[in-house]
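Work through the exercises below with the sequence and the model side by side, and try each task before reading its solution.

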Amino acid sequence: MAPGFARLGGWRVGALATLAIFALLAHAVAGPSPSEPRPKGGGLCETGRRQSPIDIVATRREALPALQFDYVPTPLRIVNDGHTVRVRLAGSRMLIGAERHTLQQFHFHLPGGDRVQGEEFPMAMHWLHKRANGELVALVMLFRLGTAHPALAALLPQMPAAGQPERNLPALTVDPAAWLPVASVRHGYYAYDGSVTAPPCTEGVRWVVLKQVQTLSATQLAQLHQLMPDNARPVQPLQGRSVAEST
Ligand SMILES: [Zn+2]
């Protein structure tokens with residue numbers, strides 16, 4: 001299905017937000033001011049061969065390193081930049097095997113971006129982690145409609161409207177572990193080599209997509225839609241990449 005103009009427009013709007021996030025992670029200077037023109041993409045966004053998101057169809061099953069989460073509660077810092085709602089985090093880590101990754105922030109996408117067997121999810125969260133060498137790992141949590149998500153229920157009342165300043169609420173904590181899906185034995189996941197989903201679409205980002213899909217209610221989804229526009233980039237061609245799937 002070809003993306004409509006509205007979806008593409010939504011991606012471009014969301015792209016600016018994600019670009020700002022990436023600039024923050026890269027310790028670059030402040031991102032573009034709202035008065036500057038939107039990035040037009042080009043470059044790797046059009047010529048790259050390892051772009052995100054993707055539709056996960058064929059996979060290669062293998063013994064991928066286990067995911068371990070050392071996620072701890074932290075004072076709530078939350079902002080709505082008009083494109084997404086983002087929570088900044090400190091002190092939490094994810095281990096992939098023995099490799100440590102520091103959790104930087106999570107944010108929301110409507111719809112979910114990455115697909116599985118063609119299924120488009122109404123919402124996804126991207127949890128951005130950084131390795132000591134600066135490489136980014138994007139952990140993706142996918143959501144279908146169903147029962148309400150308790151952690152989202154706790155966070156929604158704290159989400160600012162677009163244009164409001166960042167809320168720094170030291171008296172309130174956010175517990176990233178409360179968002180993790182139940183793992184009876186271990187967290188199964190897909191992994192592929194991808195990119196930042198906004199211009200300049202920088203590659204070299206490891207994408208880790210949790211296989212266990214969570215749920216949010218229709219009311220919660222409607223509340224998110226009131227806070228942010230559709231901001232997911234359309235799926236990108238695989239260009240010969242393979243997707244690993246944990247056994
Ligand atoms: Zn994202």
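A nonpolar core is a set of buried Ala, Val, Leu, Ile, Met, Phe, Trp, Tyr and Cys residues joined through C-beta atoms within 7 Å. The model to which this is applied here is a predicted one.

**Exercise 1.** Find which residues touch the most other members of the largest nonpolar core, and which strand gives the largest share of this core.

*Solution.* Begin with the core itself, which holds 49 residues, and in which M123, A138, V140, M141, W207, V208 and V209 touch the most other members. Next, turn to strand β10 (residues 136-145), which supplies eight residues, the largest share of this core. Finally, take V209 and leave aside its neighbours within four places in sequence: its contacts are then I56, D114, V140, Y189 and Y190.

**Exercise 2.** Determine in which sense strand β2 pairs with strand β15, and how β12 runs relative to β15.

*Solution.* Start with β2 (residues 59-62) and β15 (residues 243-246), which are paired in the parallel sense through four bridges; here R61 has E245 in β15 as its bridge partner. Then consider β12 (residues 189-195), which runs antiparallel to β15 and is joined to it by two bridges, while A191 stands opposite A244 in β15.

**Exercise 3.** Decide how much confidence the predictor has in the chain, and what the pLDDT is over residues 1-39.

*Solution.* Take the whole chain before the stretch: the mean pLDDT is 87, and 84% of the residues reach 70 or more. Over residues 1-39, however, the pLDDT is below 50, although this stretch has 50 contacts in the model beyond near neighbours in sequence.

Notes:
Residues numbered from 1 in each chain as written. Predicted model: local features only at pLDDT ≥ 70, side-chain atom pairs only at ≥ 80, totals over all residues. Pairing = 2+ DSSP bridges. Buried ≥ 20, exposed ≤ 12 C-beta atoms within 10 Å, placed from the backbone. Contact = placed C-beta atoms within 7 Å. pLDDT = per-residue confidence, 0-100.
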